Amino acid sequence: LTFTTNSRTDRIPAEERARVLADPGFGKTMTDHMVRIRWTRDGGWENGDLLPYGPISLDPAASVLHYGQEIFEGLKAYRHEDGSIWSFRPQANAERLQRSARRLALPELPTDDFVESIKVLVDADQDWVPDYGTGETSLYLRPFMIASEAFLGVRPANEATYYVIASPAGAYFSGGIKPVSLWLSTDYARAGDGGTGAAKCGGNYASSLAGQVQAAEYGCDQVVFLDSSTHTYIEELGGMNLFFVYRDGRLVTPQLTGTILEGITRSSILQLGSEMGLTVEERRIPIQEWKDGVASGEIAEVFACGTAAVVTPVGTLKWDGGECTVSTEPGEATMKIRETLLDLQYGKTADTRGWMQRL
Ligand code: PLP
Ligand code: COI
C-alpha cells in the first residue's frame, strides 16, 4: 500500500501541545493527524490516507454500531536520547491484530502495511512524541478496525475501515509507582471458552466495565477476573496481564488458555525474567494459591503488565469477605523487570533481541 500524506495541518497550536506534553496523563488528547485505510471484500485494501484528526462520518446502520465488529491494538513510540523515535515489537502487534481479525471475521492487514501506517502517523506527529528523559512518557498509538458497511443483517461486513490515532501518554496510574489494589470479580467474567478473550476486540472491554465499576465501589483500582468455567483460575485484569514472583525465584503467569490476551509485554517479560535467572512458569494458577502464598510468604511480589500499564506493582487483593496484601511497597524483582524493559524501550541499553524498530 502507499499513503497519501498531503493533507497535513497542525490542528493544535504549539503552546497547547507543550502544555499537554508537560503532563499528558493517559489517552486525553489526540494528536493532529490520523491514518485511514479502507477495505472492501471485492477490492481488498485501498491505499492509505493521512488525514487531519477529527470526527469520522459513519452510516447509522454501520455494523460496528450494532454488532460490535471491532478490533484494536495498543503500542507506543519512544524518544531516544539522540532524538530518534522507536517502537517496541510492532510486528507482534501487527500479528495480534491479524489474529483478532480472524476471530472477529474482519480482514487481515499485512504486517508491513501495519508498521508503515504507524510510521506515517508518527512522522507527521513527531512533535507529539515526548522528549527523552521526561519519565515514563511516550506517544501511545491506537490502531483499530471497524465494520463500516451499512447493513443490519448479522454477517461479516463487506466493508471495513482501519484507522490509527495517537495520544501522548504518561503513567496509566496516577500517583507514582505505588502498588495498586485489585478487586476479585466473582459476579462477572471477562471471557469464556470459545469466546473472544484472546482477541483484542472492543466487546471484551465493554464486558469488563461492570466488574471495573464494582472494583471502584470496593475502593480498588482494577478488577481481576477468574476463568468463567470453574471460577477457580486467575486470568487477567480488564486491560493487563498478571505475574507472581515467588520467594524461591519463580516467575509465574497464567498460561494462554484462549480466554486471556496474549500480551506482548507478558511475552517479553517471560524472556527477560528467564535471562535474569528467574525460573519462569506459564500455568493455571488457582486463586487460592494467591491467598495462601501471601499468607505463607511464598509469594513475594505481584505485578500487572501491559503497554499502557508497563509494569505496575500490585499490593492488595480484595474479595467478597476478605483481603490480603502482599506488599505495600514495589517489590525488588518487579522494579528490576520494569527498569530493564523501560531501559530497552528508551534505548538506554542495547537491543540485543531485535525488539526495537526505528519509526
Ligand atoms: N490484557 C488485556 C486485556 C489488555 O487489554 C492488554 C493491553 O493491551 C494486555 C493484557 C497487555 O497486552 P500488551 O502487553 O500487548 O499491551
Ligand atoms: C494497552 O495497554 O495498550 C491497552 O490496550 C490496555 C488499556 C488498559 C489501555
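Strand β11 (residues 222–226) is a good place to start: four of its five residues are buried, so the strand is largely enclosed by the rest of the structure. Here "buried" has a cut-off: 20 or more other C-beta atoms lie within 10 Å of the residue's own, while 12 or fewer makes a residue exposed and anything in between partly exposed, with C-beta atoms placed from the backbone. This is a predicted model, in which local features need pLDDT of at least 70 and side-chain atom pairs count only at pLDDT 80 or more, whereas totals for chains, interfaces and linings use all residues. Residues are numbered from 1 along each chain as its sequence is written, and chains are lettered from A and ligands numbered from 1 in the order in which they are written.

**Strands and crossovers**

- β11 runs parallel to β10, and three bridges join them; W183 stands opposite V223 in β11. The chain passes from β10 through α5 to β11 in a right-handed β-α-β crossover. Right-handed means that, with the strands pointing away from the viewer, the path from the first strand over the helix to the second runs clockwise.
- β11 also pairs with strand β12 (residues 234–237), in the antiparallel sense and over two bridges. L226 has I234 in β12 as its bridge partner. Two strands count as paired if DSSP finds at least two bridges between them.
- Strands β14 (residues 250–254) and β15 (residues 279–283) pair in the parallel sense over five bridges, with T253 partnered by E282 in β15. Together with α6, these strands make a right-handed β-α-β unit.
- The element names come from DSSP runs numbered from the N terminus: helices are H or I with at least four residues, and strands are E with at least two.

**The annotated lysine**

- An unreviewed UniProt entry annotates K200 as "modified residue: N6-(pyridoxal phosphate)lysine". Such annotations may be inferred rather than shown by experiment; positions follow the numbering used here, and feature names are shortened.
- Where does K200 sit? K200 is in the loop between β10 (180–184) and α5 (202–217).
- K200 is buried because 25 other C-beta atoms lie within 10 Å. Setting aside neighbours within four places in sequence, K200 is in contact (C-beta atoms, placed from the backbone, within 7 Å) with I71, F72, E73, R96, S100 and L261.

**Around the ligands**

- Twelve residues need not be memorised, but the shell of ligand 1 includes G74, E236, N241, T265 and R266. A residue belongs near a molecule if its C-beta atom, placed from the backbone, lies within 6 Å of it.
- Helix α6 (residues 264–275) gives the largest share of the ligand 1 shell, three residues.
- By class, that shell holds three nonpolar, seven polar and two charged residues. Ala, Val, Leu, Ile, Met, Phe, Trp, Tyr, Cys and Pro count as nonpolar, Asp, Glu, Lys and Arg as charged, and the others, Gly among them, as polar.
- Ligand 2 is surrounded by G74, G239, G306, T307 and A308: one nonpolar, four polar and no charged.
- G239 lies in the loop between β12 and β13 (241–246) and is buried, with 21 C-beta neighbours inside 10 Å. G239 and G306 are 67 residues apart in sequence, and their C-alpha atoms are 7.4 Å apart in space.

**Positive phi**

- R89, in the loop between β7 (85–88) and α3 (90–103), has phi near 50 degrees, a positive value in a residue other than glycine.
- H231 has phi near 55 degrees and is exposed, with 12 other C-beta atoms within 10 Å.

Key:
Two residues are in contact if their C-beta atoms, placed from the backbone, lie within 7 Å.
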